[in-house]
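Grab a pencil and let's work through a few exercises together. Try each task yourself before you read its solution.

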Amino acid sequence: MCILYADIFTISIKNSLFSEFPDYLKPICSLSFTIFLWGTAIAFLLCILKSKTYLNLFSKAGGGLSQSNTVLCVVIVLCMTAVMWIINGSFKPLKELHWFLGFGNMAGWTGFVLQNTYYVLEMLLALMIVHYGQIAGELLTLKRNIPWGSVLLSLAWGLPHIFTKNLSVGLFSLVFGLALGALYMLTGRNGRKALLYMSLAFIL
C-alpha cells in the first residue's frame, strides 16, 4: 500500500533530479519517473502472485455484469465525475489538458497522456488493495458479505489524504475509496471490468 504514496516519498528525489530541467520538461520527467516506479512495483507484485490462482487479480473467475449492476456502475462513475467537476470548478480532464498545454502543444499532450497513465496505474494499485484486502478479510472471518476491500482502500488510500491534503479532501477520498470498492463488487470481482470503471471514475 505504501507504493500509492511513492510520489510523495520521492518528491525530494524528483526535485533534485529535475530541478535544473526546463519548466516544460519538469512535469513530464516527474510523471515518467513515478510511472516507471509504480509500473515496476506492480509488475513485480503481479509476478509474485500470478502462481497463486486463488489470488489472481485478472483471473477469469470474475462474473459478468448484470444489467442492473452495469447501470449502478455507470451511475457511480457519473456521480463521482459530477463531484469532481464541482471540486475542480470544471471538467477535470479539460482543466488538466489546459494546464499542460500551457507548456506547449507537444509537451502538453505528452504530459496529459502521462498524467492519465499515472491515474490508471494508481487505480490498478487501488484495485489490488481492494482485491487482496477482500480475500484477506474473507479468509480471516469467513464472511463474504462484508466489503473488506472497500473498507481497507477507504482507510489506507482515502484517510491519509486528510493529512497530505486537508479535511474536506480527506473525507471525499474516504467516500471515493468506498465507491471504488463498490465498483469492484458490482462487477462481480472482475478485475478487468473493475479497473475500467475505477479508471473512468478517477480520470473523469
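**Exercise 1.** Leaving aside neighbours within four places in sequence, which residues is L127 in contact with?

*Solution.* First, the ground rules. This is a predicted model, where local features need pLDDT of at least 70 and side-chain atom pairs count only at pLDDT 80 or more, while totals for chains, interfaces and linings use all residues. Residues are numbered from 1 along each chain as its sequence is written, and side-chain values use heavy atoms, with hydrogens and water left out.

Next, contact means heavy atoms within 4.5 Å. With that cut-off, L127 is in contact with L57, F58, Y184, G191, A194, L195 and M198.

**Exercise 2.** Find out which helix gives the largest share of the largest nonpolar core.

*Solution.* Start with the terms. A nonpolar core is a set of buried Ala, Val, Leu, Ile, Met, Phe, Trp, Tyr and Cys residues joined through side-chain atoms within 4.5 Å. Buried means under 20% relative accessible area, exposed over 50%, and partly exposed in between (1.4 Å probe, protein chains only). Helices are DSSP runs (H or I, at least four residues), and strands are E runs of at least two, numbered from the N terminus.

Now look at the core: the largest one has 46 residues, and L127 is among those with the most contacts inside it, as are M123 and F176. Several helices supply at least two residues each, including helix 3 (26-49), helix 4 (67-88) and helix 9 (167-186). The winner is helix 6, with 16 residues. As a general rule, nonpolar side chains in soluble globular proteins tend to be buried together.

**Exercise 3.** Decide whether Q134 is buried or exposed, then find the backbone oxygen by its side chain.

*Solution.* Step one: Q134 sits in helix 6. Step two: its relative accessibility is 0%, so Q134 counts as buried. Step three: a polar atom of the Q134 side chain lies 3.0 Å from the backbone oxygen of I146. Beyond four places in sequence, Q134 also touches other residues, among them R144, W148 and Y184.

**Exercise 4.** Work out how L101 is placed and what it touches.

*Solution.* L101 belongs to helix 5 (residues 92-101). Its relative accessible area is 30%, so L101 is partly exposed. Not counting residues up to four places away in sequence, L101 touches G108 and W109. Finally, L101 and G111 are 10 residues apart in sequence and 8.6 Å apart in space, C-alpha to C-alpha.

**Exercise 5.** How many helices and strands are in the protein chain?

*Solution.* Count along the chain: there are 10 helices and zero strands.

Notes:
Polar contact = N/O pair within 3.5 Å; in protein donor to acceptor, adjacent residues only side chain to side chain.
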